[in-house]
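User: Could you take a close look at one part of this model with me? I'd enjoy a connected walk through it.

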Amino acid sequence: MTARKLIIAIDGPAAAGKGTLARRLAQALDLPYLDTGLLYRAVGRRMLDAGLDPETHPADDQARRITLADLERDDLRVPEIDRAASLVAAQQKVRAILVDTQRDFALAGGGVLDGRDIGTVIFPDAPVKLFITASPAARARRRWEQLAADPAAPDREAQIARVAAELQARDTADAGRAVAPLRAAEDAVHIDTDHMTADEVLAEALRIVRERTGCPGSDCPGSDCPGSDCSGTGRLRAV
């Protein structure tokens, strides 16, 4: 049995938990993983470093120059980059450049990709599409914690409120842009992570993957498994 190259598309707003899920799902299924949002963050970072305003200057030249080192910087998840990434992502030429990068990554051997338009634009025919959501309050708290905030800070609630406002602004920009707006694919399965642990979210995602691909998991019959992406051992595979 020749298996397809399994591609899993995970979309959703910032701080909903899609990155955590995508990394763990890729590890569980032995698939390559790409955080596509980092591509746009890296372009935004390069724009700011060059003294260019991504709201008024084209960013396609910087998009062509990003390297692995750009993606490994430790200053890509700060508020100023949230805004810059959203602005460069709205530029059609930038998206065209990075779309090819994302497709080439997964077509080589399958993969798990998370972003905002993976299931609608990058891989609309992906066999598994997930849309991860959470309440604004939960997302603000998670992003605040990601920023290494002091849990004992006297203005903790005010800080979280500011983060919530920043996330709302990002949501509005992402959903309202003319090019590849944030939205769920019609055939995506929605997972609300508000009251779920990371382990519970992973378990639900694995259940959906097996349901969509036909592999029964622990009850896999081996070489006769009906799952086209199954390795014959109950473990889905990339190729």
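In which helix is R143 found, and what surrounds that part of the structure?

Analyst: Happy to! Please keep in mind that this is a predicted model. R143 sits in helix α8, which covers residues 136–146. Its relative accessibility is 7%, and because buried means under 20%, R143 counts as buried. Leaving aside residues up to four places away in sequence, R143 touches A14, A15, R41, D82, V163 and L167.

Two of these partners lead us on to other helices. Let's take R41 to begin with: R41 is one of the buried residues of α2. Helix α2 spans residues 36–49, 14 residues in total, and reaches 20 Å from its first C-alpha to its last, close to the 20 Å expected at 1.5 Å a residue. Because 11 of its 14 residues are buried, α2 is largely enclosed by the rest of the structure. Alongside R41, the buried residues of α2 include L38, L39, Y40, V43 and M47.

The ends of α2 are worth a look too. At the N-terminal end, D35 acts as a cap, with a side-chain oxygen 3.1 Å from the backbone nitrogen of G37. After α2 comes G51, with a positive phi near 75°.

Now for D82, which is among the buried residues of helix α5 (residues 79–89). The others are I81, A84, A85, S86, V88 and A89. The buried residues of α5 pack against α2 and α8, and also against α6 (92–107) and α9 (156–176). That brings us back to R143 in α8, whose contacts include both R41 and D82.

Note on methods
Residues numbered from 1 in each chain as written. Predicted model: local features only at pLDDT ≥ 70, side-chain atom pairs only at ≥ 80, totals over all residues. Heavy atoms only, no water. Helix = DSSP H or I, 4+ residues; strand = E, 2+ residues; numbered from the N terminus. Expected span 1.5 Å × (residues − 1). Buried < 20%, exposed > 50% of the residue type's maximum accessible area, 1.4 Å probe, protein only. Polar contact = N/O pair within 3.5 Å; in protein donor to acceptor, adjacent residues only side chain to side chain. Contact = heavy atoms within 4.5 Å.
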